Amino acid sequence: MTLPSRKTLLGNALSLAALAWIYGGDLSDALRARSAEVSALTSLPSPVGPAVVLALAAALTAVVVAALVRRKGEGFKGYRLLPILLVGSLFVDLVLAESRVPLASLDIASMSLQRFHQLAQEQATEQAVPDDPRVLQPLLEQLGRPPYLVRGQPVEAYTLQVRKDCEGPVREAPGVRPGTLLYCVAPERKGAWVTLVGLPAEQRFGAPAVLSAGGEPRFLLVRPVPPEEEPSGAFREEAAGSVQP
């Protein structure tokens, strides 16, 4: 009996590589999220599904190897099992994905930052921006839950830290809990920069840091309202570090 064709062997090899890459990565993320200081995830992923798929892939690989040792030919149905497992697993993932949140943590965090900015801007007057925590704190109730996990546990609510006499947005916030909005007020309340502690856009796991992209913090500016203007939606600084629309 001859060995199977190169096409069959290549199909099995590629299927095994795809299963190891996709579900090995999912399993790694699920395990890492349980111990990481901060995870950019909205919920804790289960390791069960990826572990089951990887176990099946290992078993089917053993079947294929045994068939090659016994020099079974193209007609052996075991050569079809790894590609079937790959297609079936991806189909199940696609079905389950319909019930999941379609937005990434970065998107949710950016929208929360913009929403808080909008609410704070509505409290601004012609002379100054708000700086009283008693006025700003109730605004957090409209933001929902931060899209981060701390050592596998969800951050239940946003918190607020008001800083005064600032010259610009906060760029570093060591020791500040993820989900904290940093409201940094300029002298004489002529403006306030709003940033958020979470993770940089390039990271999924790590220590808490100011939300940033490309090393630049994402921030929004609350400003006094000129007499001819009405409070409107999120004012976006045109600086490179501001939140993008």
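"Buried" here means under 20% relative accessible area, exposed means over 50%, and partly exposed is in between, using a 1.4 Å probe and protein chains only. By that rule Y183 is buried, with a relative accessible area of 1%.

Okay, quick background. This is a predicted model, where local features need pLDDT of at least 70, side-chain atom pairs count only at pLDDT 80 or more, and totals for chains, interfaces and linings use all residues. Residues are numbered from 1 along each chain as its sequence is written, and side-chain values use heavy atoms, with hydrogens and water left out.

Back to Y183. Its ring and that of F116 have centres 6.2 Å apart and planes at 85°, so we call the pair edge-to-face. The rule for Phe, Tyr and Trp rings (the six-membered one for Trp) is centres within 6.5 Å, with planes under 30 degrees apart stacked, over 60 edge-to-face and the rest tilted. F116 sits in helix 4 and Y183 in strand 5, so the pair ties together parts 67 residues apart in sequence. Helices (H or I, at least four residues) and strands (E, at least two) are DSSP runs, numbered from the N terminus.

Both rings also belong to the largest nonpolar core, which has 28 residues; F116, Y148, L181 and Y183 have the most contacts inside it. A nonpolar core, by the way, is a set of buried Ala, Val, Leu, Ile, Met, Phe, Trp, Tyr and Cys residues joined through side-chain atoms within 4.5 Å. Which helix gives the most to this core? That's helix 4, with five residues. There's a second, separate core of twelve residues, including W193 and F219.

Strand 5 has another link for us. C166 and C184 form a disulfide, with sulfur atoms 1.8 Å apart; the cut-off is a pair of cysteine sulfur atoms within 2.5 Å. C166 is in the loop between strand 4 and strand 5 while C184 is in strand 5, so this pair ties together parts 18 residues apart in sequence. Both cysteines are buried.

Last stop, helix 2. Its buried residues are P50, V53, A57, L60, T61, V64 and A67. Why do they line one face of the helix? Seen down the axis, they fall within an arc of 120°, so one face it is; that arc is taken from the directions from the helix axis to the C-beta atoms. They pack against helix 1 and helix 3, contact meaning heavy atoms within 4.5 Å. On the other side, V48 and V69 are exposed.
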